[in-house]
Amino acid sequence: MTSGVVAISVLTALYREHQVGLIRMAVLLVGDEATAEDVVQDVFLRMQDKAPRLDDEKKLLAYVRAAVLNGCRMTLRRRKRMWQRTEPHQPPVWSAESAAILSEDRREVMRALTRLPRRQREALVLRFYLELSDDEVAQAMGIRPGTVRSTMTRALAALAREMGEEVRA
């Protein structure tokens with residue numbers, strides 16, 4: 001890292017090490033692997049063209065996660081605008097391979113997760129899938145840790161309702 005600019009070699013190493021996890025996170029947010037791969041690749045291409053300026057290289061992964069999250073949001077906004085202009089259709093279907101791998105319970109959770117509001121879905125994915133702390137989730141989403149905790153509480157209750165389970169207070 002020279003004068004706060006992240007070196008290409010550091011970005012390459014970060015991509016190799018975290019590519020799969022970032023794509024998985026994006027799949028959970030956008031619903032299909034091809035779009036998720038595009039989002040992650042776009043983030044790294046933009047960073048290669050204009051490397052971020054960071055005081056601490058340790059913050060780079062958090063920066064990338066936030067960029068992927070924002071890329072997913074942008075993709076979902078584009079889809080929403082496009083869907084509003086076209087006839088209603090069924091949501092994307094999981095591939096045969098994915099359907100065979102996932103158990104019925106997991107598919108049910110995924111369906112319920114897609115019905116949650118965007119912010120709640122993002123908080124659950126970051127917290128439970130990526131196993132980030134409240135502070136890391138807050139940093140990735142651009143909100144306060146207290147807001148993360150209240151969002152998580154509402155999200156878990158909503159997810160339980162979506163799945164027809166009893167909500168414990």
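Here is a walk through the structure, one selection at a time.

**The whole chain**

Start with everything shown as a cartoon. Keep in mind that this is a predicted model. You should find 8 helices and 0 strands, so leave any hunt for sheets aside. Of the protein's 169 residues, 38% count as buried. Now think about who touches whom: among contacts between residues at least 6 apart in sequence, 69% join residues at least 24 apart. On the outside, the protein exposes about 11000 Å², and carbon and sulfur atoms supply 50% of that.

**The core**

Next, select Val 64, Val 68 and Leu 126. These have the most contacts inside the largest nonpolar core, which has 44 residues. Helices 1, 2, 3, 5, 6, 7 and 8 each give two or more residues to this core. Which helix gives the largest share? That's helix 1, with 11 residues.

Stay on Leu 126 and show what surrounds it. Beyond its close neighbours in sequence (those within four places), Leu 126 is in contact with Met 25, Leu 69, Glu 131, Leu 132, Val 137, Ala 140 and Met 141.

**Tyr 15 on helix 1**

Go to helix 1, residues 8–30, and pick Tyr 15. Is Tyr 15 buried or exposed? Neither label fits: at 23% relative accessibility it counts as partly exposed, because buried would need a value under 20%. Setting aside neighbours within four places in sequence, Tyr 15 is in contact with Val 40, Gln 41 and Phe 44. Try a distance label too: the C-alpha atoms of Tyr 15 and Leu 61 are 9.7 Å apart, although 46 residues separate them along the chain.

**Arg 65 on helix 3**

Move to helix 3, residues 60–85, and select Arg 65. This residue is buried yet has no salt bridge. The nearest side chain of opposite charge, Glu 136, is 4.8 Å away, and a salt bridge needs the atoms within 4 Å. Leaving out neighbours within four places in sequence, Arg 65 is in contact with Leu 22, Met 25, Leu 130 and Leu 132.

**Salt bridges**

The structure holds 6 salt bridges. Select Asp 32 and Arg 79, whose side chains meet in one of 2.5 Å, N to O. Asp 32 sits in the loop between helix 1 and helix 2 while Arg 79 is in helix 3, so the pair ties together parts 47 residues apart in sequence. Both Asp 32 and Arg 79 are buried.

Now select Arg 115 and Glu 162, another salt bridge at 2.5 Å, N to O. Arg 115 is in the loop between helix 5 and helix 6, and Glu 162 is in helix 8. Arg 115 is partly exposed, with a relative accessible area of 46%, and Glu 162 is also partly exposed, at 34%.

For a network of salt bridges, select Arg 73, Arg 118 and Glu 122 together.

**Helix 7 and its surroundings**

Finish with the loop between helix 6 (118–129) and helix 7 (134–141), where you'll find Glu 131. Its phi is near 55°, a positive value in a residue other than glycine. Glu 131 is exposed, with a relative accessible area of 64%.

Step into helix 7 and colour Asp 134, Val 137, Ala 138, Ala 140 and Met 141, which are buried. Look down the helix axis: these buried residues fall within an arc of 165°, so they line one face of helix 7. Asp 134 also forms a salt bridge with Arg 127, the closest N and O atoms being 3.4 Å apart. Your last stop is Gly 142, just after helix 7, with a positive phi of about 75°.

Terms used:
Residues are numbered from 1 along each chain as its sequence is written. This is a predicted model: local features need pLDDT of at least 70, side-chain atom pairs count only at pLDDT 80 or more; totals for chains, interfaces and linings use all residues. Side-chain values use heavy atoms; hydrogens and water are left out. Helices (H or I, at least four residues) and strands (E, at least two) are DSSP runs, numbered from the N terminus. Buried means under 20% relative accessible area, exposed over 50%, partly exposed in between (1.4 Å probe, protein chains only). Contact means heavy atoms within 4.5 Å. Lys and Arg count as positive and Asp and Glu as negative; His and the chain ends are not counted. Accessible areas come from the Shrake-Rupley method with a 1.4 Å probe; for residues, only the protein chains shown count as cover. A nonpolar core is a set of buried Ala, Val, Leu, Ile, Met, Phe, Trp, Tyr and Cys residues joined through side-chain atoms within 4.5 Å. The arc is that of the directions from the helix axis to the C-beta atoms.
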